[in-house]
Amino acid sequence: DLFKTIENIHSIPLVNKGFDNIEDFIAIANSITNRRKSRSGRSLEIHLEKIFTEEGLIHFSSQCVTENNKKPDFIFPSHSAYHNMEFPTDILRMLAVKTTCKDRWRQLLNEAHRVKDPFLFTLQEGVSVNQYKEMKNEGVTLVIPEPIRKTFPEEIRSELLNLAEFIDQTK
């Protein structure tokens, strides 16, 4: 509610001013939409941080810098472990967080080079079998909230991790 109030204060004058052409309208609409998507994604990360902590998964770093100034959403057990070249890579985990994955899931493949098989948490309901196979071929494990499992094709449901399973495995 607070964000919507601030958004209205900021955006309504721009909308009320009107538009000289479609391009100006689209630019304002895209700006508003992009702000909402960014806020939604960051909010999801903050909620996951809280869940991890409440569930006793306290060893993680969020938004830490890796190679080429990349910032994966979560590194387990920590940023310092990731950058310690003597720390075993098979213990490192990375979790990318995307409200929707579509083609954006590929971004996570270059965020943490020391992590061989990254995880992707998404709220997106269902992905195609072909898209899932692409992810799997790249070593990506999909993590989802359990209530949306039924929205995925039946043939891949058993291969998905729910958030509780991810947390238990990561502990």
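Which residue stands opposite alanine 96 in strand 4? Leucine 120 does. Let me start from that pair and work outwards. One caution before that: this is a predicted model.

First, the sheet. There are 6 strands, and they form an open sheet. The order is 1-2-3-4-5-6, and the pairing is mixed. Strand 1, residues 61-62, and strand 6, residues 161-162, stand at the edges. Each has a single partner strand, so one side of each is left without a neighbour in the sheet. As a reminder, strands of a sheet pair through backbone hydrogen bonds, either parallel or antiparallel.

Now strand 3, residues 93-98. On one side, 3 bridges join strand 3 to strand 2, residues 74-76, and that pair runs antiparallel. There, phenylalanine 76 stands opposite arginine 93. Strand 3 also pairs with strand 4, through 4 bridges, and these two run parallel. We have already met alanine 96 opposite leucine 120. Lysine 98 of strand 3 stands opposite threonine 122 of strand 4.

How much of strand 3 is buried? The count is 6 of its 6 residues. In a regular strand the side chains alternate between the two faces of the sheet. Here, Arg93, Leu95 and Val97 point one way. Met94, Ala96 and Lys98 point the other way. Note that Arg93 and Lys98 are on that buried list, and both count as charged.

On to strand 4, residues 119-122. Both faces are covered. Phe119 and Phe121 are buried on one side, Leu120 and Thr122 on the other. Strand 4 continues the sheet into strand 5, residues 141-144, with 3 bridges and a parallel run. Leucine 120 turns up again: its bridge partner in strand 5 is leucine 142. So what lies between these two strands along the chain? Helix 4, residues 129-137, joins with strand 4 and strand 5 in a β-α-β unit. That unit is right-handed.

Next, the pockets. Rolling a probe the size of a water molecule over the atoms shows where empty space is left. The largest pocket holds about 350 Å³. It is lined by 15 residues, and the closest to its centre are Gly41, Val97, Lys98, Arg104 and Gln107. Two elements give two or more residues to this lining: helix 2, residues 22-54, and strand 3. Helix 2 supplies the largest share, 5 residues. By type, the lining divides into 1 nonpolar, 6 polar and 8 charged. Val97 and Lys98, both buried in strand 3, are back here by the pocket centre.

The second largest pocket has a volume of about 190 Å³. Its lining includes Gly56, Leu57, Ile58 and His59, and also Gln169, Thr170 and Lys171. Phe76 and Arg93 line it too, and those two are the opposed pair from strands 2 and 3. The split here is 5 nonpolar, 4 polar and 3 charged.

To close, back to leucine 120. It is buried, with alanine 96 opposite in strand 3 and leucine 142 as bridge partner in strand 5.

How values were computed. Residues are numbered from 1 along each chain as its sequence is written. This is a predicted model: local features need pLDDT of at least 70, side-chain atom pairs count only at pLDDT 80 or more; totals for chains, interfaces and linings use all residues. Side-chain values use heavy atoms; hydrogens and water are left out. Buried means under 20% relative accessible area, exposed over 50%, partly exposed in between (1.4 Å probe, protein chains only). Two strands pair if DSSP finds at least two bridges between them. A crossover is right-handed if, with the strands pointing away from the viewer, the path from the first strand over the helix to the second runs clockwise. On a 1 Å grid over the protein atoms alone, a cavity is a set of points where a 1.4 Å probe fits but cannot get out, and a pocket is an open set with protein on both sides within 12 Å along at least five of seven lines; lining residues have an atom within 4 Å of a point. Grid points are joined across faces, edges and corners, and a volume is the space filled by probe spheres set on the points.
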